[in-house]
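These are my notebook entries on a structure that I looked through for the first time. I kept them in the order in which I looked things up.

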Amino acid sequence: MEILRIILLVLLGITSLLLTLLILLHKGRGGGMSDMFGGGMTTSMGSSGVAERNLNRFTVALGLAWGVVIVALGLIQRFSGDS
């Protein structure tokens, strides 16, 4: 059970870093922090619709995987005797 816990912790670290990176890659929608720091001036340099949709899909899939890892770690901690 300890090996599974270590694997899930490593997976949690990797998915957390990748999720942060993917969220930062998204195009700003305007009116938020991205416009405050000059994101509004680069609207013509945005990605195409297909690339943005694929980025959205990959971000959602990675977010779901991150959530599953969190739940699995919680269940392992809950039902193991190592509190």
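I began with the buried residues of α3, and I found that they pack against α1, where contact means heavy atoms within 4.5 Å. I list the buried residues of α3 as Glu52, Leu55, Thr59, Leu62, Val69, Leu73 and Ile76; here buried means under 20% relative accessible area, exposed means over 50%, and partly exposed lies in between, with a 1.4 Å probe and protein chains only. Looking from the other side, I noted Leu8, Leu12, Thr15, Leu19 and Leu22 as the buried residues of α1, and what covers them includes α3.

Before going further I wrote down what kind of model this is: it is predicted, local features need pLDDT of at least 70, side-chain atom pairs count only at pLDDT 80 or more, and totals for chains, interfaces and linings use all residues. Residues are numbered from 1 along each chain as its sequence is written, and side-chain values use heavy atoms, with hydrogens and water left out.

Next I looked up the overall plan. The protein has three helices and zero strands, and along the sequence I read the pattern α-α-α; helices (H or I, at least four residues) and strands (E, at least two) are DSSP runs, numbered from the N terminus. For α1 I noted 24 residues and a reach of 35 Å from its first C-alpha to its last, close to the 34 Å expected at 1.5 Å a residue. For α3 I noted 31 residues and a reach of 45 Å between its first and last C-alpha, close to the expected 45 Å; the expected span is 1.5 Å times one less than the number of residues in the helix.

I then asked which residues make up the largest nonpolar core. I found five residues in all, namely Leu8, Leu12, Val69, Leu73 and Ile76, a nonpolar core being a set of buried Ala, Val, Leu, Ile, Met, Phe, Trp, Tyr and Cys residues joined through side-chain atoms within 4.5 Å. Both α1 and α3 (49-79) supply at least two residues of this core, and α3 gives the most, with three. I followed valine 69 in particular, and, leaving aside residues up to four places away in sequence, valine 69 touches Leu8, Leu11 and Leu12.

On the surface I noted a nonpolar patch of about 530 Å², made by Ile6, Val10, Ile14, Leu18, Leu21 and Leu25. Patches are made of residues with over 30% relative accessible area and no salt bridge, where like charges are joined within 9 Å and nonpolar side chains (Val, Leu, Ile, Met, Phe, Trp, Tyr) within 5 Å. Of this patch I checked leucine 18, which is found in helix α1 and counts as partly exposed at 36% relative accessibility.

My search of the whole structure for salt bridges found one, and arginine 5 forms this salt bridge with glutamate 2, the closest N and O atoms being 3.4 Å apart. The term stands for a side-chain nitrogen of Lys or Arg within 4 Å of a carboxyl oxygen of Asp or Glu. Because arginine 5 and glutamate 2 are three residues apart in helix α1 (residues 2-25), they are separated by about one helical turn. Arginine 5 is partly exposed, with a relative accessible area of 36%, and glutamate 2 is partly exposed as well, at 42%.

I also looked up two pairs that are far apart in sequence. Leucine 4 lies in helix α1, and its C-alpha is separated by 9.2 Å from that of leucine 73, 69 residues apart along the chain. Valine 60, found in helix α3, counts as exposed at 52% relative accessibility; from valine 60 to isoleucine 23 I noted 37 residues in sequence and 10.0 Å from C-alpha to C-alpha.

Last, I took down the totals. Of the 83 residues of the protein, 14% count as buried, and the protein exposes about 6400 Å², of which carbon and sulfur atoms supply 70%; accessible areas come from the Shrake-Rupley method with a 1.4 Å probe, and for residues only the protein chains shown count as cover.
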